[in-house]
Each structure stands twice: as C-alpha cells, then as structure tokens.
Amino acid sequence: MPLAPLINLGTQGQAFSSANRIKTTNIIALITTGISFGYTLFFLIAINHLHVGLINFGFTCAYFATLAFSLLQQAKLAKIWFFGVLMAHLLVCTFVYMTKDSGFHLYFFLVPTGVFLLFELNERAEKLLLSVIAVILFLYCENTMNADPLLLLTETTNHMLYQSVILVNMIEVIFVLNYFAKQIDSNEKQLVLQASTDSLTQLMNRHQFFITGNHLFAQYQASNKPFSLVLLDIDHFKKINDKYGHINGDKCLKAVSQTLIENSPADASVARIGGEEFVVLMPNTTFELCRTKAEKLRKAIADTKINLGVLTPGAQAEGEQTELICTASFGFINAHDKHTEFKDLLIQADKALYRAKENGRNRVESYLDHVA
Ligand SMILES: Nc1nc2c(ncn2[C@@H]2O[C@H](COP(=O)(O)OP(=O)(O)OP(=O)(O)O)[C@@H](O)[C@H]2O)c(=O)[nH]1
C-alpha cells in the first residue's frame with residue numbers, strides 16, 4: 001500500500017511546523033494500527049479466541065480512523081481521538097480480556113511523550129489533561145487486578161506479552177526521539193535558510209551579506225589578495241512600479257537577480273540588500289578587472305527583456321509594451337590598506353553609485369574616479 005498519501009493527509013495548506021505534527025500523527029496512527037493488528041492476529045491465531053480477536057480488531061480500525069480526522073483537516077480532533085482510543089484500548093486489555101500481568105498498561109507511558117510531540121505548543125490544556133488521565137489510569141491499572149478476564153493466560157504467555165509491550169515501548173520511544181531529532185534538524189535548516197535568504201529573489205539578504213562580507217574582508221586582510229565590491233541600484237524603479245504595478249516591479253527584481261547570478265564570476269556572492277539595491281562581492285578581483293565585470297553586469301541588465309505578461313489597466317490603455325527593459329547604475333570599490341572595516345567598502349561604493357546616478361544613470365563609476 002502506498003503510504004505517502006496517507007502520511008500527508010491533512011497537511012495541505014498548513015504551516016511548516018503544523019504540517020510536520022500532522023504528518024507525525026498520521027505516521028504514529030499507522031504504526032499503532034500495524035501493532036494493534038499484530039496483536040489481533042496473535043489473539044485470533046496463537047490464542048485462538050474469536051471474541052477477543054474481534055474486539056481487538058475494532059480497536060485496530062479505531063486507530064486507523066485517526067486518518068479520517070486528518071483527512072477532514074481536524075488535526076486536534078485526530079490527536080484527541082488517537083490518544084482516547086489508545087487509553088480505552090489499554091483499559092479493555094487490562095480489565096476485559098487480560099490482567100495487568102500482561103503489562104499492557106505500561107503502554108500508558110507513551111501518552112505523555114506522545115502528546116508533547118504531537119500537540120501544538122499552545123494546546124497546553126489538551127496535553128496536560130491527556131497526560132494526567134494517562135498517569136491516573138496507569139496507577140489504577142497497576143493497583144487493581146481483573147478477577148474475571150476473558151483470556152486465562154499462562155504465566156509464560158503473560159510474560160511473553162509483557163516483554164512485547166516493553167519492546168514496543170522501547171522501539172516507539174526510539175522512533176519518536178529519532179523523528180524528533182530529525183525534525184529539529186530540518187526546522188533549524190529551514191530557519192537558517194529563511195534568516196539568510198531574500199524571499200523574493202532567493203539571493204542572500206542584507207543580514208547574510210554582512211556576515212559573508214565581513215568574512216571575505218577578513219580573508220582579504222589575511223591574504224592581501226585583491227577584493228572588490230560592486231553596488232548597483234535599478235534606475236527609476238519607482239516609475240516602473242507606478243507604471244507597471246508592484247507585481248511587475250517584483251518580476252523586474254527577479255529578472256535582475258537572475259542576470260546578476262548568470263553574469264557574475266563563479267566565486268562572487270550576490271545579495272539583495274535593499275528594495276532595488278544589490279551587491280556583488282568579488283574576491284580575487286583587481287580594480288580594473290572589477291570595472292570590466294561591473295560593465296559586463298550593467299550591459300547584461302540593460303540587454304535583458306523582461307516579459308511582464310498582464311499589464312495594469314492604466315498601462316494597457318496607454319498601449320505599453322508587455323516587455324520591459326530596465327537599467328541599473330553601478331558604484332564599485334577595490335579594497336586597499338586604508339580600509340579597516342568591511343562597511344568602509346559599502347560606504348564608498350555607495351558614494352560612487354550616487355555619482356553614477358548623478359551622471360545620467362545606466363553607468364559604472366568607481367570610488368577612486370570620484371576621489372580623483
Ligand atoms: N515591486 C517592488 N518594489 C519595491 C520593493 N522594495 C522597494 N520597492 C520600491 O522601490 C522604489 C525605490 O524608489 P526610489 O528609492 O525613489 O528610487 P528610484 O525610483 O529607483 O530612483 P533612482 O534610484 O534615483 O533611479 C520605491 O517605490 C519602493 O516602493 C519590492 O520588493 N518590490
């Protein structure tokens with residue numbers, strides 16, 4: 001049976017962490033269904049007791065029904081149902097068809113760890129209530145003997161069941177801890193990615209740019225190999241937004257990002273550090289080489305035709321083209337001995353960029369040209 005569609009039931013449209021919890025609930029419900037079915041076969045075949053086998057099969061179906069709640073997007077109900085069925089099942093095992101000697105009530109240990117794994121952080125009342133019920137029921141089962149069980153099991157069979165309960169408890173705890181550890185790892189990776197990436201262009205964001213820039217600047221200071229920084233800003237971007245709409249403005253930002261990635265040197269780092277402001281960090285790049293590379297980037301952007309698709313009604317009425325060409329102004333700086341901090345480079349590249357804007361835009365200026 002293909003399990004992936006069952007595991008993913010109810011995760012559509014959910015936030016990342018909630019979707020993971022729903023997935024985990026579905027996985028645990030499926031595993032418990034499998035274990036319960038194993039016990040059903042044991043009661044039917046090994047113990048040869050139809051009545052007990054059928055009761056247990058009923059609980060097996062009830063575990064599987066957890067997935068129906070997930071399917072109906074009722075995540076909280078799915079979890080309450082699952083733990084409710086589990087506790088009812090353990091009570092029936094201990095007080096209807098077996099006794100506490102089978103050890104089935106030790107499965108109550110899984111409830112507190114399970115609820116803290118599966119419920120959302122803010123579902124405190126549910127977690128606390130289910131955990132307290134599990135502890136009370138465990139103590140009750142541990143201290144009460146079923147005088148009239150449906151199955152009269154030998155000491156050996158009870159011991160075998162007891163060991164199976166311990167084994168399943170251990171496997172489930174190992175599985176849950178392992179799954180939890182993987183989840184934490186994947187959440188951390190996701191958070192690191194989100195914290196360092198610009199969501200629109202997928203380039204490095206401003207925060208990550210300063211981390212990378214400071215690192216490369218420290219490398220430059222240690223090795224004294226050339227290091228350059230290119231700062232660029234799309235020309236008249238406000239007009240583009242006003243004329244073609246914000247969505248097309250975003251398309252323009254994405255197209256410029258793509259052009260920068262495709263035309264920057266392999267060892268360069270590209271970042272979006274403001275609305276329509278980008279930086280390309282170029283290690284191992286001399287002053288003259290940097291000018292050539294910045295010119296190449298300027299030309300590549302100016303040569304890129306951006307397909308806008310649907311235009312705003314205003315732009316349509318004015319008979320605007322569906323293809324947009326935008327330009328950018330560039331300022332660059334090559335690191336030298338007087339630079340003591342990475343941010344000095346950015347400040348001076350910004351001055352050069354300002355000059356490029358003043359001198360007519362769609363051009364490259366260096367800070368040295370400016371100083372001279
Ligand atoms: N579509 C879109 N627009 C943005 C985004 N971030 C900033 N902007 C817009 O970028 C525009 C920047 O305008 P200005 O700073 O006036 O610069 P400009 O129009 O490019 O003028 P010059 O730089 O002098 O050529 C503003 O209209 C912002 O609203 C974004 O993520 N998407």
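**Notes on the ligand shell, the cores and α12**

1. Start with the ligand: 16 residues surround it, and the closest are Asp-235, Phe-237, Lys-238, Gly-249 and Gly-275. A residue is near the ligand here if its C-beta atom, placed from the backbone, lies within 6 Å of it. β1, α10 and α11 each give two or more residues to this shell. By class, the shell has seven charged, five polar and four nonpolar residues, with Gly counted as polar.

2. A word on the model: it is predicted, so local features need pLDDT of at least 70 and side-chain atom pairs count only at pLDDT 80 or more, while totals for chains, interfaces and linings use all residues. Residues are numbered from 1 along each chain as its sequence is written.

3. Now the largest nonpolar core (buried Ala, Val, Leu, Ile, Met, Phe, Trp, Tyr and Cys residues joined through C-beta atoms within 7 Å). Among its 46 residues, Leu-229, Val-230, Val-256, Val-279, Phe-330, Phe-332 and Ala-349 touch the most other members. Elements giving two or more residues to this core include β1 (227-234), α11 (246-263) and α12 (287-303). There is also a second, separate core of 37 residues, including Val-52 and Tyr-107.

4. What does Val-256 touch, not counting residues up to four places away in sequence? Look for Ile-234, Phe-278, Ile-301, Cys-326 and Ala-328. Contact means C-beta atoms, placed from the backbone, within 7 Å.

5. Finally, follow α12 (a DSSP run of H or I, at least four residues). Its buried residues (20 or more other C-beta atoms within 10 Å of their own) include Arg-291, Leu-297 and Ile-301. The buried residues of α12 pack against β1, α11, β3, β6 and β7.

Terms used: Buried ≥ 20, exposed ≤ 12 C-beta atoms within 10 Å, placed from the backbone. Contact = placed C-beta atoms within 7 Å.
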